[in-house]
Amino acid sequence: MAGLDPSDVSVILHTTNLRPLRRMLQYLAAERRDLFDAYQAVHSDQATSTLRGRELVATFLPFEEGRLLFEGVYGIAAAEERPTAEIYANPAYRELEEVFGATDTGPDRNVALRDRQVHFTLEPRDELADLRGRIVIPVPVGRTYVRIATRLEAHVLTILETPAFVPPPPAWDEFVIAGGLMRSLPRDWSERLRQWRGVYLIVDETDGARYVGSAYGADNLLGRWSDHVRGERGVTVELAARDPANFRFSILQLVSPTETAESVIALENNWKLRLHTRDHGLNQR
């Protein structure tokens, strides 16, 4: 219907199991095109061969369990073989690795694998643009993540009424995010944190050091976590020498919105005792 010949189209199925990358790929496609374009620019040798044989690319993202979401159609504007070190000098790859856990795009790993590789420049096309974020298909059988469209073997499960690019906020006990992501959270995620108060854990991923804190004031967890990442160093005495970009935030315990500050602080002290963060962590008191 769009006038495209399926034999001219490669299909990229972003089926990564890496977290939080898998959960956030929809968000990157909608809000962080610099990171998403970088993520789509390099591929395995087998995938590269398939992509170079065709003019167009259709991309699908992880959606619900066992399903993929149509992201868009692209034309291959360029496919250049470049030094691998030069490609991964782009700071987008460092952010993908450190904030979103995209370990398969880490510069050190790829430099070790090969000296040169193909870098793709993909330009969005108008075809099927009105269906971006709306077509849902099942995850096709097989491990190959780049295929020819004629061999996709996946039917349309549904066409959503509105695009579904921003993933819903995770449950409180699955809300584990990196410090870098705290600086650019999806709006719905921010609002959820604004509603929650309780006891939280910060882990510095450079050495595993732990810090327990609590949130019960203005904006609750959102306000407290945002304070921690506002500058180039932590805001408390214990965290002042550390880079917030290396922090990983999680929630230890939620409390009622009506809980008093004294009650929340008592819970915080109990978690410090149970996790030994005064003797073997970053809490001084």
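**Figure 1. Helix α9 is mostly covered in this predicted model.** Eight of the 10 residues of α9 are buried. They are Asn220, Leu221, Leu222, Gly223, Trp225, Ser226, His228 and Val229. What do these buried residues pack against? Their partners are strands β8, β9, β10 and β11, together with helices α7 (179-182) and α8 (187-195). An α-helix has 3.6 residues a turn, so residues three or four places apart point the same way.

**Figure 2. Four strands form an open antiparallel sheet.** The strand order is β8-β11-β9-β10. Which strands lie at the edges? They are β8 (177-178) and β10 (209-215), and each pairs on one side only. Strand β8 pairs with β11 (residues 247-255) through two bridges, in the antiparallel sense. In this pairing, Ala178 stands opposite Arg248 of β11.

**Figure 3. Helices α9 and α10 pack on the four-stranded sheet, continuing the view of Figure 2.** Helix α9 (residues 220-229) touches β8, β9 (197-204), β10 and β11. The direction of α9 makes about 155° with that of β11. Helix α10 (residues 261-275) touches β9, β10 and β11. For α10, the angle is given against β10: about 165°.

**Figure 4. Strands β2 and β3 form a hairpin.** Four residues separate the two strands. In the turn, Gly66 has a positive phi of about 80°. Strand β2 covers residues 56-62, and β3 covers residues 67-83. Seven bridges join them, in the antiparallel sense. Thr59 stands opposite Gly72 in β3. Leu61 likewise faces a β3 residue, Leu69.

**Figure 5. Strand β2 also pairs with β1.** Is the β1-β2 pairing parallel or antiparallel? The two strands run parallel, with five bridges between them. Strand β1 spans residues 9-13. Leu13 has Phe60 of β2 as its bridge partner. Strand β2 is mostly covered: seven of its seven residues are buried.

**Figure 6. Strand β3 has further antiparallel partners in β4 and β5.** How many bridges does β3 make with β4? Nine bridges link β3 to β4 (residues 116-124). Here Pro83 stands opposite Arg116 of β4. Strand β5 (residues 135-138) is joined to β3 by three bridges. Leu68 stands opposite Ile137 in that pairing. The pairing of β3 with the hairpin strand β2 is antiparallel too.

**Figure 7. Setting of the close-ups: the whole predicted chain.** The chain has 10 helices and 11 strands. Its C-alpha trace spans about 65 × 45 × 30 Å along the principal axes. Of the 285 residues, 47% are buried. Among contacts with a separation of 6 or more, 72% are between residues 24 or more positions apart. The exposed area is about 14500 Å², and carbon and sulfur atoms supply 47% of it. The chain carries 34 positive and 41 negative charges. The mean positions of these two sets are 4 Å apart.

Notes: Residues numbered from 1 in each chain as written. Predicted model: local features only at pLDDT ≥ 70, side-chain atom pairs only at ≥ 80, totals over all residues. Heavy atoms only, no water. Buried < 20%, exposed > 50% of the residue type's maximum accessible area, 1.4 Å probe, protein only. Contact = heavy atoms within 4.5 Å. Areas by Shrake-Rupley, 256 points an atom, 1.4 Å probe, with all protein chains shown as cover. Lys, Arg positive; Asp, Glu negative; His and termini not counted. Charge placed at Lys NZ, Arg CZ, Asp CG, Glu CD. Pairing = 2+ DSSP bridges. Axes fitted to C-alpha atoms, helices over the stretch in contact; angles between N-to-C directions.
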